[in-house]
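Biologist: Please take one part of this protein and go through it closely, at a level that suits a first-year student. I would like to know what the part touches and where it sits in the chain as a whole.

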Amino acid sequence: MSSRMAGAALLRHLGPRLFAAEPVSGLAGRGLVPAAARILPARMSSTAAEAATREAAAPEQHGGGSTEKPKPADGQEKKGIVSYWGIESPKLVKEDGTEWRWFCFRPWDTYRADTSIDMKKHHEPRALPDKLAYWLVKSLVVPKQLFFQRRHASHALLLETVAAVPGMVGGMLLHLRSLRRFEHSGGWIRALLEEAENERMHLMTFLEVAQPKWWERALVLAAQGVYFNAYFVAYLASPKFAHRFVGYLEEEAVHSYTEYLKDLEAGVIENTPAPAIAIDYWRLPADARLKDVVTVVRADEAHHRDVNHFASDIHYQGMKLKDTPAPLGYH
Ligand SMILES: [Fe+2]
Ligand SMILES: [Fe+2]
């Protein structure tokens, strides 16, 4: 068998597992669910409930503008557990009386972005870790610009898959530290996890604007494998470097979204209606457009920039994050 044929056969086998939008259940795929459910009823019930939740949250993943459930490929309606021992997701309504349709965020998670935040702020790199972080980010900007050019939606989509990693890694490591050392976190665990979730919502929003191609999915898979581990090691070795690096990444994100806005204003990119998920998440007016969405996303990035530079500065002053209250309470 030639290497090309072998590669094609491997892709056919692994393709759905690696690049599918929905996770593929190994047990379900092999028709072993009933037998396994008899052995592990609680665990399997939880998985079914998760599947039901995923199905109910279909607008998050299927266009956002439709409440129609996706039809299963085998033509059979899936039936999941919607309540487990009385635990179920409460039905919520919006101010206008319509049902709250998002399970990935609830009304109390929504907010109005502070668009008055200064977009031009830049932390001047002085110490060596700062310079390293700055030039590392700058070295990534050139290939990024060559690759995406003015494909702003694809750029945003792929970059947000990376942007959502540091907050989760930092939050996880601070969480473990808090457990290990029997100490408070000063609110930083929550602040960093909120950042990760906020970035993921950016991703869910741009998923309504552009769809990733198969090779972009492959790229994200590889990038996540490298970036998660690299950032994990960097954060363990030097949190001040890791936060500074994210601070500079966020500065670049602000710049990228500014370019996106310029092209929207110039009419180079069509200013389409805002996705429904964005209108609810940022409390935008019902007639909001893509430009309004990019404006609030950019404000979020500027906030992440400030939080991460702040976190790095705390370490530079020889303190731990827990010694300074986290900037919680605003996004
Ligand atoms: Fe983002
Ligand atoms: Fe960000």
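Modeller: What follows is a close look at one helix, α7, and then at the chain around it.

The model is predicted. The protein chain has 13 helices and 0 strands. Read along the sequence, its pattern is therefore a run of α elements from one end to the other, α-α-α-α-α-α-α-α-α-α-α-α-α.

Helix α7 covers residues 152–163, and one of the helices it packs against is α11, residues 239–266. Another partner is α10, residues 214–237. Two packed helices are described by the angle between their axes and the distance between the axes. Those are the values to look for in each pair.

Take α11 to begin with. The angle between α7 and α11 is about 160°, and their axes are 11 Å apart. An angle over 145 degrees counts as roughly antiparallel, and α7 and α11 are therefore roughly antiparallel to each other. The crossing of α7 past α11 is left-handed. On the α7 side the contact is made by H152, H155, L159 and A163; on the α11 side it is made by A253, S256, E259, Y260 and D263. Sorted by class, this contact has 4 nonpolar, 3 polar and 2 charged residues.

The spacing of the α7 residues in that list can be read against a general rule. An α-helix has 3.6 residues a turn, so residues three or four places apart point the same way. With that in mind, look again at H152, H155, L159 and A163, which meet α11.

Now take α10. Its axis and that of α7 come within 9 Å and cross at roughly 30°. An angle under 35 degrees counts as roughly parallel, and α7 and α10 are therefore roughly parallel to each other. Here α7 passes its partner in a right-handed crossing. The α7 residues in this contact are S154, L158, T161 and V162, and they meet E216, L219, V220, A223, Q224 and Y227 in α10. By class, the contact of α7 with α10 has 6 nonpolar, 3 polar and 1 charged residues.

One residue of α7 can be followed further. L159 is in helix α7 and is among the residues that meet α11. A residue counts as buried if 20 or more other C-beta atoms lie within 10 Å of its own. L159 has 22 such atoms within 10 Å, so L159 is buried. L159 and K144 are 15 residues apart in sequence, yet their C-alpha atoms are 9.5 Å apart in space.

The partner α11 is also worth a look along its length. It has 28 residues and reaches 40 Å from its first C-alpha to its last, close to the 40 Å expected at 1.5 Å a residue. Just after α11 comes G267, with a positive phi of about 85°.

Helix α13 can be described in the same terms. It has 27 residues, and its span of 39 Å from first C-alpha to last is close to the 39 Å expected. Of those 27 residues, 21 are buried, and α13 is mostly covered. G318 follows α13, and its phi is positive, near 80°.

Positive phi also turns up at residues other than glycine. F182 has a phi near 55° and sits in the loop between α8 (165–181) and α9 (188–206). With 6 other C-beta atoms within 10 Å, F182 is exposed. R283, not a glycine either, has a positive phi of about 55°. Its place is the loop between α12 (276–281) and α13 (290–316). R283 has 14 C-beta neighbours inside 10 Å and therefore counts as partly exposed.

A further loop residue is L92, found between α5 (58–61) and α6 (128–148). It has 13 C-beta neighbours inside 10 Å, so L92 counts as partly exposed. Leaving aside residues up to four places away in sequence, L92 touches W100, R106 and P107. For L92 and R106, the separation is 14 residues in sequence and 8.4 Å in space, C-alpha to C-alpha.

Last, the chain as a whole. Buried residues make up 27% of its 331 residues. Among contacts with a separation of 6 or more, 76% are between residues 24 or more positions apart.

Technical notes:
Residues numbered from 1 in each chain as written. Chains lettered and ligands numbered in written order. Predicted model: local features only at pLDDT ≥ 70, side-chain atom pairs only at ≥ 80, totals over all residues. Axes fitted to C-alpha atoms, helices over the stretch in contact; angles between N-to-C directions. Helix = DSSP H or I, 4+ residues; strand = E, 2+ residues; numbered from the N terminus. Parallel < 35°, antiparallel > 145°, perpendicular 65-115°, else oblique. Left-handed = near helix turned anticlockwise from the far one by under 90°. Contact = placed C-beta atoms within 7 Å. Nonpolar A, V, L, I, M, F, W, Y, C, P; charged D, E, K, R; others polar. Expected span 1.5 Å × (residues − 1). Buried ≥ 20, exposed ≤ 12 C-beta atoms within 10 Å, placed from the backbone.
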